Amino acid sequence: MKQSLEIFNRLVSELLADEAENPVAEHIPSTELYERLDIKLQKEGISATALENSLKSLVFASPRTATPGFFNQLFGGRQDKAVLGDLMSVILNNSMYTYKAAGPQVGVEKAILREVCDMVGWGPQADGALAPGGSMTNFMGMMMARDAFNDQIRFEGVAQKMTVYTSAEGHYSTQKNAAFVGIGRAGVRKIATDDQGRMDMAVLRATIQDDIAKGYHPVLINCTAGTTVLGVFDDLVAASAIAKEHNIWLHVDGAYGGAVLFSDTYKHLIKGVENADSFTINAHKTLGTPLSCSLIVVKDKKHLHDSFSNDASYLYQTDEDDFNPGKTSVQCGRRNDALKLWVLWKSVGTNGLEKIVDKQFELADTARAYIRNNPDYTDYSEDNTIAACFNYKGIPAEDICTALYEHSELLVGYGSFRDDTFIRLVTVNATNENEDILNFFKTLEAFVAKNENLLTQTVAA
Ligand SMILES: *Cc1c(COP(=O)(O)O)cnc(C)c1O
C-alpha cells in the first residue's frame, strides 16, 4: 500500500503542476487512442516503474475537468476538502447498506440528509437517500410517485395507463426512467415552455385534464430547478397547486440548480419546494464535490421504505431500519458518496456552501455582462442562471466548440432552445475567478482570429 500511495502522490503532484501550465490536455482523436497510449492489457504483470509510466501517460492525456479550460458540462473544479473526503471513502471502502458494515458513515449520510430536509422546511417524517447521479435519484422519485399512486404495482406489475409530465426543456432521464418503471416513454408528456424556457403551467393543467378525460392516470409532475441548457427554474408554487388539485406526486429535479437551497440570495428560485414530495440535488454539480454525489430528499420517508425496502436475512442482521440505509436505496452494495460532501460541509460550514453557490452566479453575471457589452456576441442567456449562452461573430456554435476541442484550446459545449443553437458556458466551477471567465473569452477570440479559414460559415444572428 505504501508504494502505491507514493506513486499516487507523485502522479498527483506532477499532474497538478502540469495542469497549471496546460489547462487543456492534448486532444487525442478516438481513432488513434490505442496507438497513442498503452491501454491494451497483457497476460504478464509489469514492474512498478513500468506501471507508473503507463498510468502517467493515461492520467496526463485525460480531459482536465478541474482547470479554467473546462466548461463542457455541469460539473468542474476541485473542492479540495471534498476530494479529501472522497479519497477517505475509497480507503475505508465501507458499503452503505448497513450500520454493521458502515458504522458512523451511516451517521454522516443521515446528518447530510437531515440538514437538507430541515433547510427545505420539512419535519421529522422527511428523509432521503443517495444514488449514483441525478438520473438515478430522479428514478427513485418516479418509482415513489408510481407506488404512491397504486401500492400494488410493485407486487403485480403495471396494469394501468400512467402518465408523467415534464417540460420540453427537462432532462432526458425522465424518458429513460419512465421506461424503467413501466410507464413507458410514450407516457411522458413534454410540456411546452414559455419564452424563458420554463414549463408553461396553463399547458400543464390543460394536458393533465385532457389525459384524465382520456382515461390516463397522471402520477408525476417533474419540475426542473435549473434546466440543463438554459439553467432556468420552473415555477414550483404554480406546479404544486396543480399537483395538489389532482393528487399527483410533485418531484423537483434540482440536479443542476437545486443547490440554490444553500443561498439566501438565490433560494427564491425554488420558492415552494417545501410543497414538493421529493427533491433531487447533485452535490457533484453545483456544490463542486467529485462525481458522484446525488441526494434525493422525500417529504415522507414512508415512500422510500414502500418502494425500496426488501427483507434480506443474510444482510439486515442488526440495528433499526433507520440505521440500515440499504432499506431505502436502489442498490445493494453502495459506495460512500456522503463523506466527500460531509468533509466539505464540515470544513466550510453552511455559509461556505452558500459562498460556492453565490460565486457561480457571480461568474455567470460576469460572463453575461461581457457578452452583452460586446457587439461581436449574440446573447441567448437568462438572468438568475449559472449559464451564459451566446454566439460569436455569427459562427455556428457546433463548429466553434468542436474546433476549440480538437485544437486543445478549451472544452465547452453547445445547446439549443427553440430555433437557436448557441455556445453554453456553464460557470459551475466556483474555484474560478472573474479573470478566468474573461480569459475564456480572450482565448476564444484569439482562436477565432487565428483560424478564420476554419470557421468561415456563418449563421443568421
Ligand atoms: C445533470 C442533470 C441530471 C442528471 O444527473 P446525472 O448526475 O448526470 O445523472 C438530471 N436533471 C438535470 C436537470 C440535470 O442537469
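Let me start with one pair of residues: Y377 stands opposite Y392 in β10. Keep in mind that this is a predicted model.

So where does that pair sit? Y392 belongs to strand β10, residues 387–392. Three bridges join β10 to β9. The two strands run antiparallel.

Now widen the view. β9 and β10 are part of an open sheet of five strands. Read across, the order is β1-β11-β12-β10-β9. The pairing in this sheet is mixed. Which strands stand at the edges? They are β1, at 70–71, and β9, at 377–379. Each has a single partner strand, so one side of each is left without a neighbour in the sheet.

Just before β11 there is a backbone detail. S408 lies in the loop between α15, residues 397–406, and β11, residues 411–417. S408 has a positive phi of about 55°. Note that S408 is not a glycine.

On to the other sheet. Seven strands form this one, and it is open too. Follow the order with me: β2-β8-β7-β6-β5-β3-β4. Here the pairing is mixed. At the edges stand β2, residues 127–131, and β4, residues 188–191. Both have a single partner strand, so one side of each has no neighbour in the sheet. From one strand to the next, the twist averages 20°.

Let's look inside that sheet. Strand β3 covers residues 162–167, and strand β5 covers 217–224. How many bridges pair them? Four, and the sense is parallel. Take Y165 as an example: its bridge partner in β5 is I221.

There is one cis peptide bond to show you. The bond runs from L291 to S292, with omega near -15°. Where is S292? Find the loop between α12 and β8, the strand at 294–298. S292 is in that loop.

α12 brings us to the ligand. How many residues surround the ligand? The count is 15. The closest are G134, S135, D253, N282 and K285.

Three of these I want to point at. First, S135: a backbone N or O atom of this residue lies 2.9 Å from a ligand oxygen. Next, N282: an N or O atom in its side chain is 2.9 Å from an oxygen atom of the ligand. Then K285: a polar side-chain atom lies 2.9 Å from an oxygen atom of the ligand.

How much of the ligand is covered? Taken alone, the ligand exposes 380 Å². The protein buries 85% of that.

Which elements give two or more residues to the shell? Those are α7, at 134–149, and α12, at 283–286. The largest share, three residues, comes from α7. By class, the shell has three nonpolar, 10 polar and two charged residues.

Last, the overall layout. The protein is divided into domain 1, residues 2–64, and domain 2, residues 84–343. How far apart are their centres? Taken over C-alpha atoms, 37 Å separate them.

To recap, with the structure on screen. Look for the sheet of five strands, with β1 and β9 at its edges. Then find the sheet of seven strands, which starts at β2 and ends at β4 in the order I read out. Finally, go to the ligand, with 15 residues around it.

Key
Residues are numbered from 1 along each chain as its sequence is written. This is a predicted model: local features need pLDDT of at least 70, side-chain atom pairs count only at pLDDT 80 or more; totals for chains, interfaces and linings use all residues. Side-chain values use heavy atoms; hydrogens and water are left out. A residue is near a molecule or strand if one of its heavy atoms lies within 4 Å of it. A polar contact is a pair of N or O atoms within 3.5 Å; within protein, one must be able to donate a hydrogen and the other to accept it, and residues adjacent in sequence count only if both atoms are side-chain atoms. Accessible areas come from the Shrake-Rupley method with a 1.4 Å probe; for residues, only the protein chains shown count as cover. Ala, Val, Leu, Ile, Met, Phe, Trp, Tyr, Cys and Pro count as nonpolar, Asp, Glu, Lys and Arg as charged, and the others, Gly among them, as polar. Two strands pair if DSSP finds at least two bridges between them. Axes are lines fitted to C-alpha atoms, for helices over the stretch in contact, and angles run from 0 to 180 degrees between N-to-C directions. Domain bounds come from an automatic or database domain assignment.
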